[in-house]
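The following exercises ask the reader to work through a protein model residue by residue. Each task is followed by a solution in steps.

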Amino acid sequence: MSRHFAAVERIPGDPILGLMEAFRADPNPAKLDLGVGVYKDAQGLTPIPQAVKRAEQQLLERETTKTYIGGHGDPAFAEGLLALVLGDDSPLIARSLAGATQTPGGTGALRLAGDLIARTLPGRGIWLSDPTWPIHETLFAAAGLAVGHYPYVDRDNRLDVEAMLAGLERIPQGDVVLLHACCHNPTGFDLSQEDWRRVLDVVRARELLPLLDFAYQGFGDGLEEDAWAVRLFADTLPETLITSSCSKNFGLYRERTGALIVRSEHERSLLDVRSQLAFLARNLWSTPPAHGAAVVATILGDEALKRLWRQELDAMRQRVANLRLGLVEALQPFGLAERFAHIGAQRGMFSYTGLSPTQVARLREASNVYMVGSGRANLAGLDERRLGDLARAIAAVCD
Ligand SMILES: Cc1ncc(COP(=O)(O)O)c(C=O)c1O
């Protein structure tokens, strides 16, 4: 018999991770990394917030056991996160109509949601924006769901709400629709409140189950502001799924901290769904990693730490907003400010710049600027002192 793995097919690695490796290997000191989706400060580092450091110091002293936490995770984390996402005074929390299950990051929450749908709502498809975060595509397919798409941007790289709504109208009744709650990845184009209301109307009329992916709370307009659409859906509809990630806003990427939040019509049905989640999670990762959630619970449970964290998050958001405006301004001398004005209006770390794959390749070859082939740039990867260089490099591929 031949070796068991002899016929295993090699598949290509994640293109973004490949880009990261190519960037690392590039010896040119003038290189710019706008690829991988992490926040960076002016020094190009992804910092640990001070609030996280202080919480970790407290935990180091206070922690008395490393025994397993329960299937739904740390109750203090769930309580804090529910209030952060749904609002401190949410009646859904008071009436036990919403619950959080702690997961390994937002990705774990998405996979748990995918498995929940596959197991309890067989035959339901899931619909994603075109484009969306590439992992959405493979993750839901891996969970066994049929994946469909609704339009999001037009050919001229503009948000196309009319096409989106028409696409949503065509989704089979009862299917699941994934919506980016804020800071759409990869485009950076967010819906206005009016657009969200129109989307809600279609979701309600088609009796779709909304799954709101909330990976960037605090990176768009602010912690409360960014939760607006999530709260609109959760407060209006009897049933909503929300995946929340603490990777970006708490800087906890590798600690794998997140939750799947279920809003249900009755306390009884919430308990039914949560029993399924506990079963599914047990078979996926048994119990979730504890440390990141303990950090978040410590910060959210301590007014001074929470204040500090909010200030640090505000500073991260402000930095990216300034970089957006700074880049548009730096493009002004090249006569390109109007063409790229959308970069200033988009939200979150990412921008669909509108640059073609050929232009992206030329940027890398000629100017050592690393960006995903779709033209998505992680603006948080910029150093403000390099805005002029980037603008010059963009101008060189735009003639
Ligand atoms: C749209 C979107 N959803 C979810 C995630 C999941 O993040 P994590 O699993 O790191 O918490 C990300 C991270 O890049 C994202 O961009």
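**Exercise 1. Determine whether Asn157 is buried or exposed, and describe its backbone.**

Step 1. Asn157 has a relative accessible area of 11% and is therefore buried; buried means under 20% relative accessible area, exposed over 50%, and partly exposed in between (1.4 Å probe, protein chains only).

Step 2. Asn157 is placed in the loop between β4 (147-151) and α7 (161-169). Helices (H or I, at least four residues) and strands (E, at least two) are DSSP runs, numbered from the N terminus.

Step 3. Although Asn157 is not a glycine, its phi is positive, at about 65°.

The conventions for all exercises are as follows. The model is predicted, so local features need pLDDT of at least 70 and side-chain atom pairs count only at pLDDT 80 or more, while totals for chains, interfaces and linings use all residues. Residues are numbered from 1 along each chain as its sequence is written, and side-chain values use heavy atoms, with hydrogens and water left out.

**Exercise 2. Characterise Glu207: what is its phi, and is it buried or exposed?**

Step 1. The phi of Glu207 is near 55°, a positive value in a residue other than glycine.

Step 2. Glu207 lies in the loop between α8 and β6 (209-214).

Step 3. With a relative accessible area of 53%, Glu207 is exposed.

**Exercise 3. Locate the cis peptide bonds at Pro131 and Pro186.**

Step 1. Recall the background: most residues other than glycine have a negative phi, and most peptide bonds are trans.

Step 2. The bond from Asp130 to Pro131 is cis, with omega near 10°. Pro131 belongs to the loop between β3 (126-130) and α6 (134-142).

Step 3. Asn185 and Pro186 are also joined by a cis peptide bond, and omega there is about 20°. Pro186 is in the loop between β5 (176-180) and α8 (193-205).

**Exercise 4. Describe the surroundings of the ligand and its polar contacts.**

Step 1. Identify the site. The ligand sits in the largest pocket. On a 1 Å grid over the protein atoms alone, a pocket is an open set of points with protein on both sides within 12 Å along at least five of seven lines, whereas a cavity is a set where a 1.4 Å probe fits but cannot get out; lining residues have an atom within 4 Å of a point. A molecule sits in either if more than half of its atoms lie within 2 Å of its grid points.

Step 2. List the shell. The ligand is surrounded by 13 residues, the closest being Thr107, Asp213, Tyr216, Ser245 and Ser247; a residue is near a molecule if one of its heavy atoms lies within 4 Å of it.

Step 3. Sort the shell. It divides into four nonpolar, six polar and three charged residues. Here Ala, Val, Leu, Ile, Met, Phe, Trp, Tyr, Cys and Pro count as nonpolar, Asp, Glu, Lys and Arg as charged, and the others, Gly among them, as polar. Helix α5 (residues 105-120) supplies the largest share, four residues.

Step 4. Examine the contacts. A polar contact is a pair of N or O atoms within 3.5 Å; within protein, one must be able to donate a hydrogen and the other to accept it, and residues adjacent in sequence count only if both atoms are side-chain atoms. An N or O atom in the side chain of Thr107 is 2.5 Å from an oxygen atom of the ligand. For the side chain of Asn185, the distance from an N or O atom to a ligand oxygen is 2.7 Å. A nitrogen atom of the ligand lies 2.6 Å from a polar side-chain atom of Asp213.

Step 5. Consider coverage. Of the 400 Å² of accessible area that the ligand has on its own, the protein covers 91%; accessible areas come from the Shrake-Rupley method with a 1.4 Å probe, and for residues only the protein chains shown count as cover.

**Exercise 5. Which backbone atoms does the side chain of Gln102 reach?**

Step 1. Gln102 is part of strand β2 (residues 98-103), and at 2% relative accessibility it counts as buried.

Step 2. Its side chain reaches the backbone nitrogen of Asp74 at 2.8 Å.

Step 3. The side chain of Gln102 also reaches the backbone oxygen of Pro289, at 2.8 Å.
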